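Biologist: I have the sequence and the coordinates open. Please take me through what can be said about them, one question at a time.

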There are 2 protein chains.
Amino acid sequence: MAKDKLEDNIIYVGNKPVMNYVLAAVTQFNDGQKDITIKARGRAISRAVDTAEVVRNRFMQDVKVKDIKIGTEELEGEKGDKINVSSIEIFLNRSD
Amino acid sequence: MAKDKLEDNIIYVGNKPVMNYVLAAVTQFNDGQKDITIKARGRAISRAVDTAEVVRNRFMQDVKVKDIKIGTEELEGEKGDKINVSSIEIFLNRSD
């Protein structure tokens, strides 16, 4: 049954070490997931890129970057003010 | 004569404030440049995304993200060791 339809195929990258997110991605691919999206905002964006690169270069050479999107999200600041934060989505695909 | 062939259309994003790079991009587009590439490595990657987003959202709504590429570059560390650093290239296009 279409394992690639699982809904847990989004990995939100935050402030933990890169290897945590790499492990999450590798585990999901090994479970049969074909598509994984790595998402991050603000300063975690570079860590999201690191995650994708480490997965591809060190663990799964058959994983490709299918698409990358950037955007801006409006968050509410501490005083109820609006803050714009950049975001990234990296779409990884493993088709074998 | 083909202004879009100018070779100064790469903006390297480092540790300066985002607005420095935004200004560089806006200036080049205003000088007639059609394609600009924003490049960054390591932690500056999130600043590169900020640069692209601020250019598009606040200054030039007709600028589109044409493509985004990520990669890994091998740098030499302080002790002559090899360090892998993630990189990003954001290709912006303004066609009017």
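Modeller: A search over all chains of the whole structure finds 12 salt bridges, a salt bridge being a side-chain nitrogen of Lys or Arg within 4 Å of a carboxyl oxygen of Asp or Glu. This is a predicted model, in which local features need pLDDT of at least 70 and side-chain atom pairs count only at pLDDT 80 or more, while totals for chains, interfaces and linings use all residues. Residues are numbered from 1 along each chain as its sequence is written, chains are lettered from A and ligands numbered from 1 in the order in which they are written, and side-chain values use heavy atoms, with hydrogens and water left out.

Biologist: What pattern does chain A follow along the sequence?

Modeller: Chain A has two helices and four strands. Helices (H or I, at least four residues) and strands (E, at least two) are DSSP runs, numbered from the N terminus. Read in that direction along the sequence, the pattern of chain A is β-α-β-α-β-β.

Biologist: What share of the contacts in chain A with a separation of 6 or more comes from residues 24 or more positions apart?

Modeller: Contact means heavy atoms within 4.5 Å. The C-alpha trace of chain A spans about 50 × 30 × 20 Å along its principal axes. Of the contacts in chain A with a separation of 6 or more, the share from residues 24 or more positions apart is 67%.

Biologist: What percentage of the residues in chain A is buried?

Modeller: Buried means under 20% relative accessible area, exposed over 50%, and partly exposed in between (1.4 Å probe, protein chains only). Chain A has 96 residues, and the buried part of them is 41%.

Biologist: Which residue forms a salt bridge with K66(A), and where does that partner lie?

Modeller: K66(A) is exposed at 56% relative accessible area, whereas its partner D35(A) is partly exposed at 23%. The closest N and O atoms of K66(A) and D35(A) are 3.0 Å apart. The pair links distant parts of the chain, 31 residues apart, with K66(A) in strand β3 (residues 63-76) of chain A and D35(A) in strand β2 (residues 35-41) of chain A.

Biologist: Why are R56(A) and E53(A) separated by about one helical turn, and what is the N to O distance in their salt bridge?

Modeller: R56(A) and E53(A) are about one helical turn apart because they are three residues apart in helix α2 (residues 45-59) of chain A. R56(A) is partly exposed at 21% relative accessible area, while E53(A) is buried at 3%. Side chains of opposite charge can pair when their charged atoms come close. In the salt bridge of R56(A) and E53(A), the N to O distance is 2.6 Å.

Biologist: Which residue of chain B forms a salt bridge with E53(B)?

Modeller: E53(B) is buried, with a relative accessible area of 3%. Three residues away in helix α2 of chain B, or about one helical turn, is its partner. The side chains meet at 2.6 Å, N to O, and the partner of E53(B) is R56(B).

Biologist: How many residue pairs are in polar contact between chain B and chain A?

Modeller: 20 residues of chain B are in contact with 20 residues of chain A, and the rule finds zero salt bridges across this interface. A polar contact is a pair of N or O atoms within 3.5 Å; within protein, one must be able to donate a hydrogen and the other to accept it, and residues adjacent in sequence count only if both atoms are side-chain atoms. With both residues at pLDDT 80 or more, the number of pairs between chain B and chain A is six.

Biologist: Which element gives the largest share of the side of chain B that touches chain A?

Modeller: The elements giving two or more residues to that side are α2 (45-59), β3 (63-76) and β4 (82-94) of chain B. The largest share, eight residues, comes from α2(B).

Biologist: Is S86(A) buried or exposed, and which residue does its side chain join in a polar contact of 2.4 Å?

Modeller: S86(A) lies in strand β4 (residues 82-94) of chain A and is buried, at 6% relative accessibility. Leaving out residues up to four places away in sequence, its contacts include V49(B) and E53(B). The polar contact of 2.4 Å joins the side chain of S86(A) to that of D50(B).
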